[in-house]
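Dear colleague,

I am handing over a structure for you to look at, and my notes on what was found in it follow underneath. Please keep the structure open while you read, and look up each residue as its name comes up.

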Amino acid sequence: MGNGDDIAKAKEIMLGALRRLSGVEPSPAPDALVIAYADYGVTIRIRWWIKPPRRADALDIQDEVLCAVKAELTRNGIDLPYPTHQVLFHDQTEAMDGDRARQREGWPPPGQAGG
């Protein structure tokens with residue numbers, strides 16, 4: 001979730017979605033734990049318990065849980081960011097480009113603001 005979102009609200013939304021699914025056991029109760037802060041968001045891990053007879057049932061319930069949680073977070077305006085990166089390309093048009101002894105790194109050119 002986004003760093004600017006309310007963690008307690010997001011947890012309650014997630015847990016509410018889990019409680020409404022018939023395949024999720026009510027006891028022990030599902031939980032939601034903050035496990036990481038990153039530059040692009042907060043990571044919350046949800047845990048729930050099931051009693052499936054087959055592995056395929058566990059995967060079906062996981063699919064239901066993740067779809068329901070994502071839908072509820074989105075419906076409630078909780079940001080679901082993803083990592084982004086800014087890539088700056090150096091303008092390689094100067095006569096000294098390619099000559100590592102003379103090539104400057106960064107911007108602006110020497111002698112200009114900040115250089």
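Does Arg20 count as buried or exposed? With a relative accessibility of 57%, Arg20 counts as exposed, because the cut-off for that word is over 50%. Please bear in mind, here and in everything below, that this is a predicted model.

Let me begin with the overall layout. The chain contains two helices and two strands, and if you follow it from the N terminus, the elements come in the order α-β-β-α. The chain has 115 residues, of which 29% count as buried. Among contacts in the chain with a separation of 6 or more, 51% are between residues that are 24 or more positions apart. The chain exposes about 8,300 Å², and carbon and sulfur atoms supply 53% of that area.

The two strands are a good place to look next. β1 (31–38) and β2 (41–47) run antiparallel and are joined by seven bridges. Together β1 and β2 form a hairpin, with two residues between them. To find your way across the pair, you could start from Ala36, which stands opposite Thr43 in β2.

Ahead of the hairpin there is a detail in the backbone that deserves a careful look. Ser27 and Pro28 are joined by a cis peptide bond, with omega at about -5°. As for where this happens, Pro28 is found in the loop between α1 (7–19) and β1.

Now to the charged side chains, where the count comes to five salt bridges. One of them is formed by the side chains of Arg20 and Glu72, at 3.5 Å from N to O. Arg20 lies in the loop between α1 and β1, whereas Glu72 belongs to helix α2 (residues 55–75), so this pair ties together parts that are 52 residues apart in sequence. Arg20 is exposed, as noted at the start, but Glu72 has a relative accessibility of 17% and counts as buried, because buried means under 20%.

Glu72 also forms a salt bridge with Arg75, and here the closest N and O atoms are 2.9 Å apart. Arg75 and Glu72 are three residues apart in helix α2, which means that about one helical turn separates them. Arg75 is exposed, with a relative accessible area of 61%. Taken together, Arg20, Glu72 and Arg75 are linked in a network of salt bridges.

Another of the salt bridges is the one in which the side chains of Asp57 and Arg54 meet, at 3.2 Å from N to O. Asp57 has a relative accessible area of 18% and is therefore buried.

Finally, which elements each supply at least two residues of the lining of the largest pocket? They are β2 and α2. The largest pocket has a volume of about 240 Å³, and the residues that line it include Val42, Thr43, Ile44 and Ile46, along with Leu66, Val69, Lys70 and Leu73. Met1, Met14, Leu80 and Pro81 are also among the lining residues. You will recognise Thr43, the residue that Ala36 stands opposite in the hairpin.

With best wishes

Conventions:
Residues numbered from 1 in each chain as written. Predicted model: local features only at pLDDT ≥ 70, side-chain atom pairs only at ≥ 80, totals over all residues. Heavy atoms only, no water. Helix = DSSP H or I, 4+ residues; strand = E, 2+ residues; numbered from the N terminus. Salt bridge = Lys/Arg side-chain N within 4 Å of Asp/Glu carboxyl O. Buried < 20%, exposed > 50% of the residue type's maximum accessible area, 1.4 Å probe, protein only. Pairing = 2+ DSSP bridges. Contact = heavy atoms within 4.5 Å. Areas by Shrake-Rupley, 256 points an atom, 1.4 Å probe, with all protein chains shown as cover. 1 Å grid on protein atoms, 1.4 Å probe; cavity = no way out; pocket = protein on both sides within 12 Å on 5 of 7 lines; lining within 4 Å. Points joined across faces, edges and corners; volume = space filled by probe spheres on them.
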